[in-house]
Structure formats: C-alpha cells, structure tokens
Amino acid sequence: MAFEIRALGEQDDAAAWQLSRLAFGGPVERPASRRPTPAPGAHALGAFADGRLIGKAVGLEHSYFYGGHAVPAVGIAGVAIAPEFRGGGVLRELLGPVLAQARERGAAISALFPTTAVPYRRLGWELTGVLRWTAVPTVALAGERRPANVTVRPAEEGDVPAILGAYCAWAADGAGMLARTGPLFDHAPGAVLSGHDGFTVAEGPAGVEGYASWDREGGYDSAGVLAVPDLVAHTPRALTALLAMLGTWRSVAPTLHLRLRADDPAWLVTGLAGARTHSEQPWMLRLVDARAAVETRGWPHALAGSVDLDLADELCPWNAGPHRLTLDGGRGTLTPGGDGTVHLGPGGLAAIYAGARTPTVLRRAHLLSGGDERTDAFLTAATAGPVPSLLDYF
C-alpha cells in the first residue's frame, strides 16, 4: 500500500490526538493543557492512507553530550500507528523522512524511548542505556551533616544562570546526557524555577556549587515521597550539603526517588543504603549522519590511529559503504574509503559510538564482524568512558 507522508497541521489535530489516545491512553477529548500543535523545535509528520491519518511521529531538536561535546540530534517521540496498519511498513515510511529532514537541520544522531525495541532495532536503533529512578529510604541520609563552609537555600531567579551552567558542566561529563538547549527549552528564570516544587542551591565561598530540584508527592505518612530529578554538585561539600538537606525530609517523606546516573558520586559518598530500582525505561540510539556524528563528538586526547569500517544502513543510505575512522588529538574524522575491515550495521555502530558495548560483545550478538585484536582494542579505547545515561524522558 502506498502512503502519503506529510507534515501535520492544525487540520490534523483531532485525528492526531485520537491516534495518540489509542496508542498511549488518555481521555477522548484533548485536555486544555495539552498543546494541539507541535512546539517550536518539534516537527511532526503523519502517514496517510486514502486521506486517513494512520501513523505519526515527532522529531525533537535535541543535543546529547558525547566526549564532552554536545552532538546535534533528533529525539523521536509521539510515535503511533493505527492498529490495522501495524507491521505493514508504516513505521519505516515515517521514520525515514523524519531522519532525512532532521539531517537537513543538522542532526547527527537520534535517541528514543521505545515501548517495544523490536521495530526500532530493525530500523537501526540499538538499546544503549536505561533511565532509572532509584528509591532510597530517606533515613539512609540521616547521618549526613552540612559542612560548615557551604550554605543551602532556596534558589532565586538570579541563581538560574549558575544552575544552568552547573547542569551543563555535569551533563557534559557524562555520555548521552541531554544538553537541554534549543527552542524546546525555556531558560527564562521564572520558567526554570516554576518547573518543580523546589530548587535548593548549595552555595560555597565562590558561589553556587550545586543544586537539587525536587517535587513533593503523596502525603506525610508511609506514602510520602520526595522526587529529585536533578542532584547536581561539583564539589564534595556541595553534594554532602544537598544530601543532608534531603535527609531532613525523613519524618514526612520516608522515601526519596532519585534520578541518578550509574556513575553518580552520591553512590560513593553515602552508599545509599537500602536503595532499589523504583522504575526504569530503556532508551535507544542510532546515527543519523555518521560523518557528522564522528566529527562533532569528543574523543580521547591520548589516542591516535585509525580503523577501516564497512557500514551498512538501509534507512540512512548516505552512511553506508567503506569508511576510515581516524582519531587524533581528541578529534575524529570519518572519510569514505579504506578496506572495510570491520563490518557494522547501524545498531552496532550506535552501540560502539555510545560506548555501550565492546566489539567482543557485539561480535557475539552478530552486530559486528571482521576485525582483529588490534581493531577491537582501538574501538574499545576510543569509546571508553562513562556508562551512557539519558535522564530526561521525552
């Protein structure tokens, strides 16, 4: 069946809402709080059969940090296919143009949170990491004491530039973290501070050294929860001070929900006794423009060398063919040519790029073939670093 793919407009709002409602649940009528048309920085495409909307997807203008650099990206969201047309190629027909248009806007990589990984894996995305909320008994922080040379206080509008800067530096130190820049993010001080019930900053002699954003949930009995989306600190004293503040909630919010990276220093400072996984959502990555993805991320400064790759990519054919990956002085290039020693499809390439899997593991999963001990060691060293973490759901 032939599908028409076009941008969604106001005339498609009602049909788009019903498609989303059937896929994800929700009321028959769109709530007044839900935006009827995409926000700036969000690009919605629909698939139509005989004039009927049968599928939709939204590309979000994002950037994610890899190697300390913000890589231009497209986040895929709001994907819904009418039940009668699932498995009929609509997803491929939709996401091909979404990626092509995102590439024209400068996107080099793409991330998404799948409800099921199988169809996205077929199209070149690969499981890379998990967004995890950790539940911690608040009493586990009862022993933390605020250091004498740091103050905790409610954030004020004048603190917002420091808060945004602290987040950016913290996110850049990870792999896969959302940069929170671009038209989708309102950085006006009032908008930032009104996004959560509270923002607490930790202030040292030189200014703001960290912050915690938090939301109060439940009552003040055993169901009381303090959810902490961001716990960001650049000094041990700031982290200790913020943890001590969170510990004071133990009488009315006996549980903390913390959105932490796997390498978060909070695990080392307190041990977070009694911690358990509250919820987790896997996420996937693919390269939209392999050459741009290589050139815009950071690479190990101490590593120099090259490896020849043979790339396969049906959905983004501009990535396909033999290429030489060259690294030198923290920069990378991907140029056509070479003898194609290491064979990678888009999923294997995404896993290597993110540092989510080693070549040995990918070879056992049939996502990489060819190469030898030298090429394996080079690719492992090139992408060694923090465990990939994406902590913003979209």
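**Exercise 1.** State how strands β5 and β12 pair and over how many bridges.

*Solution.* Strand β5 (residues 109-112) pairs with strand β12 (residues 276-287) in the antiparallel sense over four bridges. Pairing requires that DSSP finds at least two bridges between two strands. Strands (E, at least two residues) and helices (H or I, at least four) are DSSP runs, numbered from the N terminus. Within this pair, Leu112 has Met284 in β12 as its bridge partner.

The model is predicted: local features need pLDDT of at least 70, side-chain atom pairs count only at pLDDT 80 or more, and totals for chains, interfaces and linings use all residues. Residues are numbered from 1 along each chain as its sequence is written, and side-chain values use heavy atoms, with hydrogens and water left out.

**Exercise 2.** Place β5 and β12 in their sheet, and find which strands are at its edges.

*Solution.* The order is β1-β2-β3-β4-β5-β12-β6-β11-β10-β9-β8-β7, an open sheet of 12 strands with mixed pairing. Its edge strands, β1 (4-7) and β7 (151-154), each pair on one side only. From one strand to the next, the twist averages 30 degrees.

**Exercise 3.** Which strands does helix α2 lie across, and at what angle does α2 run to β4?

*Solution.* Helix α2 (residues 90-104) lies across β1, β2 (42-49), β3 (52-66), β4 (69-81), β5 and β12. Contact means heavy atoms within 4.5 Å. Helix α2 runs at about 150 degrees to β4; axes are lines fitted to C-alpha atoms, for helices over the stretch in contact, and angles run from 0 to 180 degrees between N-to-C directions.
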